[in-house]
Amino acid sequence: MISVYYFGAISLILIGLYAVLVKKNLLKILVGLSIMETGVNLLLISIGYVSGRSAPILSEGIGPNQAVDPIPQALVLTAIVIGVATTAMALSAAIILYEKYGTLNVDEIRRLRG
Amino acid sequence: MLKRALAIISLLIIGYWLAQGLAGVPFGQDKMLVGQYYLNHVREQTGAVNAVTAVVVNYRGFDTLGEVTVLFIASTGVGALLWRKKRERTAKTEGSVVLKTGAELLFPFIVLFGAYIFIHGHLTPGGGFPGGATIATAFLLLYMAFVGYEIPHRAFEKVEGVAGMGYVLVGLIGLAIGGYFLFDWIWLTWKWGAENIGRLFSAGFIPVIYTLIGIKVGTELSGIIDNMLKEEVGE
């Protein structure tokens, strides 16, 4: 039986992919991409979990044997920032597309070109 | 309709395939190989108690340098994409009196809390990126509350560049002293702060680098907000 965290992460990835495949509005596609990112980050974090252990901050009562894996958390810290950066770039591209074409519908933008 | 059905069917196949792959990865079991080494040695090798920030800044410092580069390129790219000759803020509705007073009152506290987060990156959860994002939200609050507000551009861009250069400079000093880039010279050569692990003045160069990263991320995200909120105005 698959864990609920894996299931949730896979569902988030699939929901994001569905939005990218089916939706016509550019902003909805970007929302789908963000949801996919969230799913990937959740998957990474839940792979590093060790049941019954606490956060990897070695304070008074928490030794090296009572902490979860720190590496996925570091990776996700990187991935979140990169996600924010790509989202900012994509949003400014969407602003420019709307100013140039007057619509955010992907099909119409494709037709207007050329 | 057909398109949606096809998409759902193929997504279900992909989901089943992913679930099959993940069925071999047990949830909640100890799968650490390198992670256990980091947890066991983080105190004496870096002086930090927060293992995540030690991994981010110290063990995998190149990742963080690349991450800072990505954010810098994104900020530059947003500026380049939205570049116009004459751009100003065209918002017309001023925030209500409650919002304006609240923003003025909250601004120093949010900046203080952001600075707290990135200065204490080696002791508490957080670090440079959350702290910088918190500082950027303070500027976003000012942008939302006041129609005419603009960040001081020249100062912000200079501070951003100087903070990024400071990060590389700390790495280059490590190259000169220890023989490789991003060598933790404050901790491994000087042993500075070795007796007060778990207090503020410890953990080698992690607080220094996280302060620089926090300042850089804060100014960068504020710059992105500024670029996105401005519109072209006719002559």
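Visitor: What radius of gyration does chain B have, set beside a compact globule of 235 residues?

Guide: Happy to start there, and please keep in mind that this is a predicted model. A compact globule of 235 residues would come out near 18 Å. Along its principal axes, the C-alpha trace of chain B spans about 60 × 55 × 35 Å. The radius of gyration of chain B is 23 Å.

Visitor: How many helices and strands does chain B have?

Guide: Let's walk from the N terminus: the elements run α-α-α-α-β-α-α-α-α-α-β. That comes to nine helices and two strands.

Visitor: How much area do chain B and chain A bury between them?

Guide: The contact takes 51 residues from chain B and 46 residues from chain A. On the side of chain B, Leu11(B), Leu22(B) and Phe27(B) lose the most area, together 16% of what that side buries. Carbon and sulfur atoms carry 75% of the total, which is about 4,200 Å².

Visitor: Which helix gives the most to the side of chain B that touches chain A?

Guide: Several elements of chain B supply at least two residues each, among them α2 (34-46), α4 (61-81) and α9 (206-229). The most, ten residues, comes from α1(B).

Visitor: How many nonpolar residues are on the side of chain B that touches chain A?

Guide: Let's take the other classes before the nonpolar one: nine residues are polar and nine are charged. Across the interface, the rule finds zero salt bridges, and the count of residue pairs in polar contact, both at pLDDT 80 or more, is also zero. The nonpolar residues on that side of chain B number 33.

Technical notes:
Residues are numbered from 1 along each chain as its sequence is written. Chains are lettered from A and ligands numbered from 1 in the order in which they are written. This is a predicted model: local features need pLDDT of at least 70, side-chain atom pairs count only at pLDDT 80 or more; totals for chains, interfaces and linings use all residues. Side-chain values use heavy atoms; hydrogens and water are left out. Contact means heavy atoms within 4.5 Å. Buried area is the accessible area (1.4 Å probe) that two parts lose on being put together, summed over both. A salt bridge is a side-chain nitrogen of Lys or Arg within 4 Å of a carboxyl oxygen of Asp or Glu. A polar contact is a pair of N or O atoms within 3.5 Å; within protein, one must be able to donate a hydrogen and the other to accept it, and residues adjacent in sequence count only if both atoms are side-chain atoms. Helices (H or I, at least four residues) and strands (E, at least two) are DSSP runs, numbered from the N terminus. Ala, Val, Leu, Ile, Met, Phe, Trp, Tyr, Cys and Pro count as nonpolar, Asp, Glu, Lys and Arg as charged, and the others, Gly among them, as polar. The radius of gyration is taken over C-alpha atoms; the globule rule is 2.2 Å times the number of residues to the power 0.38.
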